[in-house]
Amino acid sequence: MRVLGVDPGLTRCGVGVVEGVAGRPLTMLGVGVVRTPADAELGQRLVGIEQGIERWLDEYRPEHVAVERVFSQHNVRTVMGTAQASAVAMLCAARRGIPVALHTPSEVKAAVTGSGRADKAQIGAMVTRLLRLDAPPKPADAADALALAICHIWRGPAQNRLQQAVALHTATAPTPPKGRTA
C-alpha cells in the first residue's frame, strides 16, 4: 500500500509518502513541505497548497491519502487555516478517486509511538526508527506527515473492514413494520 500523509497547514503543509504493509518493514518514498507565504492572500495560499499536493500526487501516485483530522484549538484562526488546507488535500485526492482517511493527532501518536500523548521529538524519533532513516525529517510537519502515512498503513485496513461490516449490518438489518408503535 502506498500512502500520502498530509499534515495540513497554511504556512507549512507537511507531506510524506510511505509504502508497505502492516507487519513488514516500511519504506519512505518522499518527504517534504508545501510552503506558502504568510503575507499572501488566502485564496492564493490555498491555490499554492493545491498545486503542491497535485505535484505529490502526480509524482508518487499514492493509493490512499491520510490527512490529520482537524481538532478544536483555542486559536480559531489557526484552526480555520488548518481546516482549509485539509480540505484542499481531501479535494485533490477525491478529484482523482483516491480514498481519503482522517486520523486524529492522538490516534497517529498512539499508532507510531504507543502513546497518544507523545511529543514532537518522540514522533520524529519513532518515524526515523520505523523508516530506517539517518535523521528525523525536518521540520516537524514533515515527520508528522510520515507518521500519518504509517498510521494509515497500520490501521487503515482494520478500519475499512469495520466500516464494511457496519454497512453490511445496516443494509441487512430488518426494518420495523410501519404503522405500529410500541
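What follows is a chat between a trainee and a mentor about a predicted model.

Trainee: Let's start with the sheet. In what order do the 5 strands sit?
Mentor: Keep in mind that we're looking at a predicted model. The 5 strands make an open sheet, and their pairing is mixed. Going across it, the order is β3-β2-β1-β4-β5.

Trainee: Which strands stand at the edges?
Mentor: Look for strands with a single partner strand, so that one side is left without a neighbour in the sheet. Two strands fit that description: β3 (27–35) and β5 (100–103).

Trainee: By how many degrees are neighbouring strands turned against each other on average?
Mentor: Ignore strand direction for this one. Averaged over neighbouring strands of this sheet, the turn is 20 degrees.

Trainee: In β4, which residue is the bridge partner of Val-3?
Mentor: Strand β1 covers residues 2–7, and β4 covers residues 64–68. These two run parallel and are joined by 4 bridges. In β4, the partner of Val-3 is His-64.

Trainee: Now the helix. At about what angle does α1 run to β3?
Mentor: Helix α1 spans residues 42–60. It lies across β1, β2 (12–19), β3 and β4. Relative to β3, the helix runs at about 165 degrees.

Trainee: Leaving aside neighbours within four places in sequence, which residues is Gly-48 in contact with?
Mentor: Gly-48 lies in helix α1. Val-34 is 14 residues away along the chain, yet the C-alpha atoms of Gly-48 and Val-34 are separated by 7.9 Å. Contact here takes heavy atoms within 4.5 Å. With sequence neighbours set aside, the contacts of Gly-48 are Val-34 and Thr-36.

Trainee: Is Arg-61 buried or exposed?
Mentor: Arg-61 lies in the loop between α1 and β4, and its phi is near 50 degrees, a positive value in a residue other than glycine. The cut-off for exposed is over 50%. Arg-61 has 55% relative accessibility, so it counts as exposed.

Trainee: Where does Arg-132 lie?
Mentor: Most residues other than glycine have a negative phi. Arg-132 isn't a glycine, but its phi is positive, about 55 degrees. You'll find Arg-132 in the loop between α4 and α5.

Trainee: One last thing: what is omega for the peptide bond from Lys-138 to Pro-139?
Mentor: Pro-139 has its place in the loop between α4 (120–130) and α5 (140–172). Most peptide bonds are trans. The bond from Lys-138 to Pro-139 is cis, with omega near -5 degrees.

Technical notes. Residues are numbered from 1 along each chain as its sequence is written. This is a predicted model: local features need pLDDT of at least 70, side-chain atom pairs count only at pLDDT 80 or more; totals for chains, interfaces and linings use all residues. Side-chain values use heavy atoms; hydrogens and water are left out. Two strands pair if DSSP finds at least two bridges between them. Axes are lines fitted to C-alpha atoms, for helices over the stretch in contact, and angles run from 0 to 180 degrees between N-to-C directions. Buried means under 20% relative accessible area, exposed over 50%, partly exposed in between (1.4 Å probe, protein chains only).
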